[in-house]
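Here are a few short exercises to work through with the model open beside you. Try each task before you read its solution.

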Amino acid sequence: MNKRKDNLPLSQSKKVTTNTLQQMKLNKEKISMLTAYDYSMAKILDAAGIDVILVGDSASNVIAGHETTLPITLDQMIYHAASVIRAVQRALVVVDIPFGSYQGNSKMALSSAIRIMKETGAHAIKMEGGTEIKESVDRIISAGIPVMGHLGLTPQSIYKFGTYAVRAKEAVEAKKLITDATALQNSGCFGVVLEKIPANLAGQVAKKLKIPVIGIGAGGKVDGQVLVLHDMLGLTTEFSPRFLRRYLNLFEDIKGAVEGYIEDVKSEDFPNTKEQY
Ligand code: KIV
């Protein structure tokens with residue numbers, strides 16, 4: 001891994017920008033990315049040195065409890081993104097443009113992207129889809145807004161596919177994914193997320209593209225990794241795909257803490273004399 005003059009990896013430079021990510025790809029330094037939806041979590045991620053924070057529309061699932069990402073609105077994404085931005089000093093903050101605020105209408109797509117940038121102070125947006133959203137991607141990028149693509153399993157199209165199974169296993173779909181990824185790069189996207197596709201295909205795309213490719217369930221041959229924070233912290237328990245590594249079991253830890261608090265309140269152990277005025 002190439003280091004800066006002061007021997008720090010590039011990701012530890014002052015502020016992470018889209019240029020930093022590009023440089024990291026060239027230097028073969030892997031990019032770390034996690035989701036966050038609120039001030040407190042974003043502050044921890046930034047302090048830990050995460051490169052990219054994604055204000056994902058997975059907020060629809062893990063924050064609001066919806067089954068899919070479709071119900072979350074542009075206003076709700078703006079609320080989450082503005083909370084995250086207030087906490088972040090170094091990471092690049094990318095915001096998902098939600099379902100229904102860009103599909104099929106490039107002028108609407110631009111006005112949604114502008115609202116995200118103006119009302120949150122975020123640094124970039126992410127959009128699901130390939131050649132079918134090219135006009136919107138082009139229009140947004142030509143307005144000076146950095147765009148990250150998202151291909152493979154695209155949760156906003158879940159009802160079209162009907163399943164969360166691995167994507168692009170068949171040659172035709174794999175070929176389309178490579179075409180889409182190339183088209184996103186040619187439009188000027190600064191990066192692409194590949195979700196739940198075979199590792200070899202993801203590696204092939206990462207090798208072909210000059211822009212960083214970030215994987216989730218796409219193996220280790222890509223330029224970086226992203227996970228949903230609530231999944232990797234074990235706050236969610238019902239979602240256990242093969243690609244997920246859980247670093248904590250916060251559901252059980254928090255439940256234990258709350259049980260302890262309940263017990264202390266009921267038994268009048270809390271508050272004690274030192275915990276009052
Ligand atoms: O919304 C999200 O969290 C995402 C990641 C799964 C990449 O798009």
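**Exercise 1.** Which pocket does the ligand take up?

Solution. The ligand fills the space of the largest pocket. A pocket here is an open set of points on a 1 Å grid over the protein atoms alone, with protein on both sides within 12 Å along at least five of seven lines.

Before going on, note that this is a predicted model, in which local features need pLDDT of at least 70, side-chain atom pairs count only at pLDDT 80 or more, and totals for chains, interfaces and linings use all residues. Residues are numbered from 1 along each chain as its sequence is written, and side-chain values use heavy atoms, with hydrogens and water left out.

**Exercise 2.** Find the residues around the ligand and sort them by class.

Solution. Step one: list residues with a heavy atom within 4 Å of the ligand. Among them are Thr 35, Ser 58, Asp 96, Lys 126 and His 150. Step two: sort the shell, which gives 3 nonpolar, 4 polar and 4 charged residues.

**Exercise 3.** Which side chains have a polar atom paired with a ligand oxygen?

Solution. Look for polar contacts, meaning pairs of N or O atoms within 3.5 Å. Ser 58 has a side-chain N or O atom 2.5 Å from a ligand oxygen. For Lys 126 the distance is 2.8 Å, and for Asp 96 it is 3.0 Å. Next, check the cover: the ligand alone exposes 260 Å², and the protein buries 95% of that (Shrake-Rupley method, 1.4 Å probe).

**Exercise 4.** Locate a cis peptide bond and a positive phi.

Solution. Start with the general case: most peptide bonds are trans, and most residues other than glycine have a negative phi. The bond from Phe 270 to Pro 271 is cis, with omega near -5°; Pro 271 lies in the segment after helix 11 (250–266). Lys 28 has phi near 60°.

Terms used: A polar contact is a pair of N or O atoms within 3.5 Å; within protein, one must be able to donate a hydrogen and the other to accept it, and residues adjacent in sequence count only if both atoms are side-chain atoms. On a 1 Å grid over the protein atoms alone, a cavity is a set of points where a 1.4 Å probe fits but cannot get out, and a pocket is an open set with protein on both sides within 12 Å along at least five of seven lines; lining residues have an atom within 4 Å of a point. A molecule sits in a cavity or pocket if more than half of its atoms lie within 2 Å of its grid points. Ala, Val, Leu, Ile, Met, Phe, Trp, Tyr, Cys and Pro count as nonpolar, Asp, Glu, Lys and Arg as charged, and the others, Gly among them, as polar. Helices (H or I, at least four residues) and strands (E, at least two) are DSSP runs, numbered from the N terminus.
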